[in-house]
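Let's take a walk through this one together, starting with the overall picture and then stopping at a few charged pairs. Keep the model open beside you as you read.

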Amino acid sequence: MSAELPADQRLLLEGLLSRLDLLPDSAALAHFMSEVLRSLLRRQGDAEFREMIQTAFADGLVAHTWEEQKALAAEVIRVVIVKRPEIALAWQRASAAPPPSAPRRAADVAVASPPASPPTAPPPENYIYAEAETGLGLYIADIALRRLAQIQVPPAALPSAAYHSARPFFLFDPALAEVLRAFIAGPLLRYCRDGMDRRVYRPCEGAVPVGDEAWTAYMADKRDVVWASLLERLTRLAAAHKSAETKQAAVQDGDDPGYRVVEVPVTKPRHYTILGVEFTLGHVTTTRKVKVRTPSANALEPNEQEALDLLAELRTLAEQARLDLPDSVDFQFLRTLLDYNVRQFVAARDELMSLIGQGTSGPFLLERLRAIDDVLSNVMADILGLMLFTRYGDRRFGLSDFYYFCQGAARDFSAVGNTRPFSVIEIASRPRELVLQLREALRRRVHPDKFLSVVEKLLECWTVVGRARFGEELDQGLAMFESFAPLFADDPDREVIAEIARMVRGQLVTSGTSRESLLLAVGRAYEPIGRRSPGRH
């Protein structure tokens, strides 16, 4: 990368990297990087870029060795030097500012990179009914996305127990709609060809032009047939997928070979986007499913392998959109999405949201929440609980209510994964996300009342979420406090911020003082810096 830079910028990069090698410890690294970023990103249009880079760098330092921290710092410096001209031009376009007549330096000449394309299905094959299949795909996807819209709510805003620091929970992420559209209209519909060509495509061949009013009427007439065929295929896929998973779980190494799919760790770049400009910084470790040999007694049948391959295509589309789908997004989830009773769900949703919006709480609300399991399937009841938490996690349906809803009648959380597959994921993310909410509140200098609400929600998390089930997640949340020092290294109030972080973390670890005493001490420390910009947040 450095060889492609102009000579003066290459020398700058080499000089900064040589200084980086001489740093003695993490504290010096935080101070050095703060000075470097402030110096390199000092233009008006650099503010958002600098903020994201600082946050990414601070997050990347957590739980890494000294050599890994220096490697990340070197990567940050390279990204900044390479991308800042492109960011400057993007900011000029976004703010309608006139571009300079000529760049002052070679470093200000940006090389545009192509924008990321949305997830798409593979190009159509030479299929005799390709045009009709495309029209049917658009029709089915449009209906599926309207049904999806009924189970989505806007992401939570700070302060909220449902806060997300980056992208919202996957169900409420706008990218999910495009992923499902591409999958339904592409791989899934191609799998259904042998039924659709006989029932839908062939009867209208040459007689109903795709896309006009006659096609719309034809689709309306064939909707029941299409839906019955689609649901039947999804049912078969769900059964085949479950059978394949059962065989995979029963596999013992060293026997006669068949095939199974296992998850292996994969490290890939972490992507960021600012003003439409994309760059990568740091890495994230995920898992990828790959084929390995299995005992012949557990060898996968063709339909089971087909189900696994089709689900892998869905996850590939999600990866292209940088959307992290949990394992519980499978064929049964897709069948539920296409077949749930919209009218019944909307009635239950509106009733509960109205009760919470009116301030209803206590036994009556909890009774109504328990009753939805008698009306809705496990998946839809789980999604409804997530919607309530995301919408009203600010105060009216907090983490304790959500946790109680998830656990239900179970004595502990060991069996909740089957009845609340999505909510368990959301609860597991709370320790880390609520620590990051505290960090974001400090960065924004929110109003003192909002800040104390943020602290209260964090303390509630450690009180409600059980260590027996979520011990690793709680430890990950505590580790995120390590990101505070580098992020606020150049902040004039860094000593106050460090003291607040120390008090809150100490309370989470030891519970040494009462909650009221801690909130009083934190409020007293934050008040001077929180009042400095009244009304800003």
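Before anything else, a word you'll meet a lot: a residue is buried if its relative accessible area is under 20%, exposed if it is over 50%, and partly exposed in between, using a 1.4 Å probe and protein chains only. What you're looking at is a predicted model, where local features need pLDDT of at least 70 and side-chain atom pairs count only at pLDDT 80 or more, while totals for chains, interfaces and linings use all residues. Residues are numbered from 1 along each chain as its sequence is written, and side-chain values use heavy atoms, with hydrogens and water left out.

Start with the big picture. The protein has 21 helices and two strands; these are DSSP runs numbered from the N terminus, with helices being H or I of at least four residues and strands being E of at least two. It has 537 residues, and 48% of them count as buried. Its accessible surface is about 26300 Å², with 52% of that belonging to carbon and sulfur atoms; the areas come from the Shrake-Rupley method with a 1.4 Å probe, and for residues only the protein chains shown count as cover. Now look at contacts, meaning heavy atoms within 4.5 Å. Among those between residues at least 6 apart in sequence, 75% join residues at least 24 apart.

For one example of distant stretches of chain, find R322 in the loop between α9 (302–320) and α10 (331–339). Its C-alpha atom is 9.8 Å from that of R167, although the two are 155 residues apart along the chain. R322 counts as partly exposed, because its relative accessibility is 32%.

Next, move along to helix α13, residues 378–392. How far apart are its end C-alpha atoms? They are 21 Å apart, which agrees with the 21 Å that its 15 residues should span at 1.5 Å a residue. The expected span is 1.5 Å times one less than the number of residues. The helix is mostly covered, too, with 13 of its 15 residues buried.

Now for the charges. Side chains of opposite charge can pair when their charged atoms come close. A salt bridge here is a side-chain nitrogen of Lys or Arg within 4 Å of a carboxyl oxygen of Asp or Glu, and the whole structure has 23 of them. One of these joins D394 and R396, with 3.5 Å between the closest N and O atoms. Both partners are partly exposed: D394 has a relative accessible area of 21%, and R396 comes in at 27%.

Helix α16 (residues 421–444) holds another pair, R430 and E426, which sit four residues apart, about one turn of the helix. Their closest N and O atoms are 3.8 Å apart. Are these two buried or exposed? R430 is buried at 0% relative accessibility, and E426 is buried at 1%.

Just past that helix, R445 bridges to D491, with the closest N and O atoms 2.6 Å apart. R445 lies in the loop between α16 and α17 (448–464) and D491 in the loop between α19 (484–487) and α20 (494–510), so the pair ties together parts 46 residues apart in sequence. R445 counts as buried at 10%, as does D491 at 13%. You can also look for E440, R443 and R444, which are linked in a network of salt bridges.

Finally, the cysteines. The structure has zero disulfides, that is, pairs of cysteine sulfur atoms within 2.5 Å. C406 is buried at 2% relative accessibility, and C461 is buried at 0%.
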